[in-house]
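Colleague: Pick one spot in this model and take me through it closely. Start with the contacts of a single side chain, then work outwards until I can see what surrounds it.

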Amino acid sequence: MLIIRGVNVFPTQIESVILELPEFEPHYMLTVDRVNNTDVMELKVEVRADCYSDEINKMLALKKKLTARLQSVLGLGVDVKLVEPRTIERSMGKAKRVIDNRKLI
């Protein structure tokens, strides 16, 4: 569990949103950072090969769809980055999907 701007965020919530949308692979990387004393989240998620396109409008529509769904489930804004299939590193065993770069004092 992560606490982002006072809201409890569970990686399983993010995963469930990704899995319910058929355009995305179940591979993602969530990076949490602190910018100007505000917590920010960046989500990199793989788009399925048959849905990945070099047309900007299609990719923007996918990004908006995922961003809106995450906003409604989490109650927080997430900076979504769509990446090509098989670009997020795979790990053997338990997957490391969250990187917390905040320097908590």
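Modeller: Let's start with Arg102, whose side chain comes within 2.8 Å of the backbone oxygen of Ile3. Bear in mind that this is a predicted model. Arg102 sits in the segment after β6, and its side chain also makes a polar contact of 3.1 Å with the side chain of Asp39. With a relative accessibility of 11%, Arg102 counts as buried, because the cut-off is under 20%. If you leave out residues up to four places away in sequence, Arg102 touches Leu2, Ile3, Ile4, Val32, Asp33, Arg34 and Asp39.

Several of those names come back once you look at the strands. Asp39, in β4, stands opposite Arg34, and Arg102 touches both Arg34 and Asp39. Val32, another residue touched by Arg102, stands opposite Asp100 in β6. Strands β3 and β6 pair in the parallel sense, over 3 bridges.

On to β3 and β4. These two run antiparallel and are joined by 9 bridges, with Leu30 standing opposite Leu43 of β4. Together they form a hairpin with 2 residues between the strands. Asn36 lies in that loop and has a positive phi, near 50°, despite not being a glycine. Most residues other than glycine have a negative phi. Asn36 is exposed, with a relative accessible area of 72%. So what you have here is a buried Arg102 at 11% and an exposed Asn36 at 72%.

Now zoom out to the sheet. It is open, has 4 strands in the order β5-β4-β3-β6, and its pairing is mixed. β5 and β6 are the edge strands, each pairing on one side only. On average, neighbouring strands are turned by 15° against each other, ignoring direction.

Two helices meet these strands. α1 lies across β3, β4 and β6, and runs at about 140° to β3. α2 packs on the sheet too, touching β3, β4 and β5, and its direction makes about 140° with that of β5.

Helix α2 deserves a closer look. It takes in residues 56-74, 19 in total, and spans 26 Å from first C-alpha to last, close to the expected 27 Å. Its buried residues are Met59, Leu62, Leu66, Leu70 and Leu74. Looking down the axis of α2, these buried residues fall within an arc of 80°, so they line one face of the helix. The general geometry behind that kind of pattern is that an α-helix has 3.6 residues a turn, so residues three or four places apart point the same way. On the other side of α2 you find Asn57, Lys64 and Ser72, which are exposed.

What covers the buried residues of α2? The cover includes β2 (7-9), α1 (11-20), β3 (24-35), β4 (38-47) and β5 (79-83). Just after α2, Gly75 takes a positive phi of about 80°.

One more charged side chain ties into this helix: Glu23, in the loop between α1 and β3. The Glu23 side chain makes a polar contact of 2.7 Å with the side chain of Lys65. At 14% relative accessibility, Glu23 counts as buried, because that is under 20%. Setting aside residues up to four places away in sequence, Glu23 touches Val47, Arg48, Cys51, Leu62 and Lys65. Leu62 in that list is also one of the buried residues of α2.

If you're checking backbone angles, add Arg86 to your notes as well. Arg86 has a positive phi of about 65° although it is not a glycine, and it is placed in the loop between β5 and β6. At 65% relative accessibility, Arg86 counts as exposed.

Back where we began, then: Arg102 reaches the backbone oxygen of Ile3 and the side chain of Asp39, while touching Val32, Asp33 and Arg34 among others.

Technical notes:
Residues are numbered from 1 along each chain as its sequence is written. This is a predicted model: local features need pLDDT of at least 70, side-chain atom pairs count only at pLDDT 80 or more; totals for chains, interfaces and linings use all residues. Side-chain values use heavy atoms; hydrogens and water are left out. The expected span of a helix is 1.5 Å times one less than its number of residues. Buried means under 20% relative accessible area, exposed over 50%, partly exposed in between (1.4 Å probe, protein chains only). The arc is that of the directions from the helix axis to the C-beta atoms. Contact means heavy atoms within 4.5 Å. A polar contact is a pair of N or O atoms within 3.5 Å; within protein, one must be able to donate a hydrogen and the other to accept it, and residues adjacent in sequence count only if both atoms are side-chain atoms. Two strands pair if DSSP finds at least two bridges between them. Axes are lines fitted to C-alpha atoms, for helices over the stretch in contact, and angles run from 0 to 180 degrees between N-to-C directions.
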